Amino acid sequence: MITGYHPSGDSADLDRLTSLLGSGNLVVLTGAGISAESGIPTFRGKEGYWVAGSREYQPQEMATHAMFARDPAAVWAWYLYRRSLCRHAAPNPGHRALVDLERLLGDRFRLVTQNVDGLHIRAGNSPARTYQIHGSIEHTRCAVACSREIWPLPEELGLDRQRGQTIAADEAAALRCPRCGGWARPHVLWFDEYYDEEYYRFDSSIRAAASTDVLLVLGTSGATNLPLQMGQYAVRTGALIVDVNIEENPFSRMALANGGEFLQGKCGEVLPAIAERLGQSRELQEPPGPSR
Ligand code: NAD
């Protein structure tokens, strides 16, 4: 285990990673921790909570189909507030380092993100190689699935929302399905729902984890199902697991129990060091260019 990681310090811990990535595949799995340095709160901070009516709800209660069925306006108020935070945030050095890694590795790179904030795509990772397994806060779809269509949230909903601000009547009218007129819902995976391939790239993510040489896990508490399954596939196939987090978590324990690495530190400090090291590596083979 490497604790108190300093990018300028001894980087022997990165040797195995860069050597494997000379010709191997990399799957990166990100969680809310990578966006924390952009000012987007994780679910575990105080900002995650939300007051609806006279009660304070935890994210694990708000982000559910059951809560939406009970009080769609309260759930939308929470999502619009979070969307406003995401719109005002910018990608940080951690996001940008992942763009460098994709540029270096080409089609040997896949990014699986639990984040709904869209910052990876805004930083420059390619949408085709980025699987947003919990959806996107910028998109919506029919709550009763009268069609499978996904569409962007209307801009006019206002992007400067205050914490606790409720939904006005004209805003509620804009949050309707254009086909059936019922409520639209956020295009995100709720805690009481299941992954699928069509919306959330379940199969693609499992396939990527089962055929990777390195699984790089960044800033996640490991509380959701697909990420943990990806870790188990990586263990079974003997991939190197590298976890970057400011705290110990299920992935750091999984990494250490299986000969991997726990780089304890902030994504925004550790990832640029990894990208720089890989960029300097003589073992790195050129990613294949487009076929002619
Ligand atoms: P989480 O809030 O449960 O855990 C965050 C993790 O990040 C913790 O392990 C914490 O120690 C670590 N962390 C915090 N700052 C860090 C930093 N600078 N560098 C490295 N690690 C850091 O988040 P989760 O595991 O992603 O899962 C919760 C759910 O929350 C997911 O479903 C996700 O969709 C949703 N979520 C998304 C966003 C977003 O889109 N930015 C924000 C909050 C929650």
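This note concerns a three-stranded sheet and arginine 141 in a predicted model.

1. Sheet order. The sheet is open and consists of three strands, arranged E7-E6-E8 with antiparallel pairing. Strand E7 (150-152) and strand E8 (184-188) are the edge strands; each has a single partner strand, so one side of each lacks a neighbour in the sheet. From one strand to the next, the twist averages 50°.

2. Pairing of E6 with E8. Strand E6 covers residues 135-142 and is joined to E8 by five bridges, the two strands running antiparallel. Arginine 141 belongs to strand E6, and its bridge partner in E8 is arginine 185.

3. Helix over the sheet. Helix H5, residues 72-88, lies across E6 and E8. The helix runs at about 140° to E6.

4. Burial of arginine 141. The relative accessibility of arginine 141 is 9%; the residue is classed as buried because buried means under 20%.

5. Surroundings of arginine 141. When neighbours within four places in sequence are left aside, the residues in contact with arginine 141 are Glu149, Ile150, Trp151, Ala184, Arg185, His187, Val188, Tyr199 and Tyr200. With tyrosine 200, the side chain of arginine 141 makes a polar contact of 2.9 Å, side chain to side chain.

6. A separation along the chain. Arginine 141 and leucine 175 are 34 residues apart in the chain, and 9.5 Å separates their C-alpha atoms.

Technical notes. Residues numbered from 1 in each chain as written. Predicted model: local features only at pLDDT ≥ 70, side-chain atom pairs only at ≥ 80, totals over all residues. Heavy atoms only, no water. Pairing = 2+ DSSP bridges. Helix = DSSP H or I, 4+ residues; strand = E, 2+ residues; numbered from the N terminus. Axes fitted to C-alpha atoms, helices over the stretch in contact; angles between N-to-C directions. Contact = heavy atoms within 4.5 Å. Buried < 20%, exposed > 50% of the residue type's maximum accessible area, 1.4 Å probe, protein only. Polar contact = N/O pair within 3.5 Å; in protein donor to acceptor, adjacent residues only side chain to side chain.
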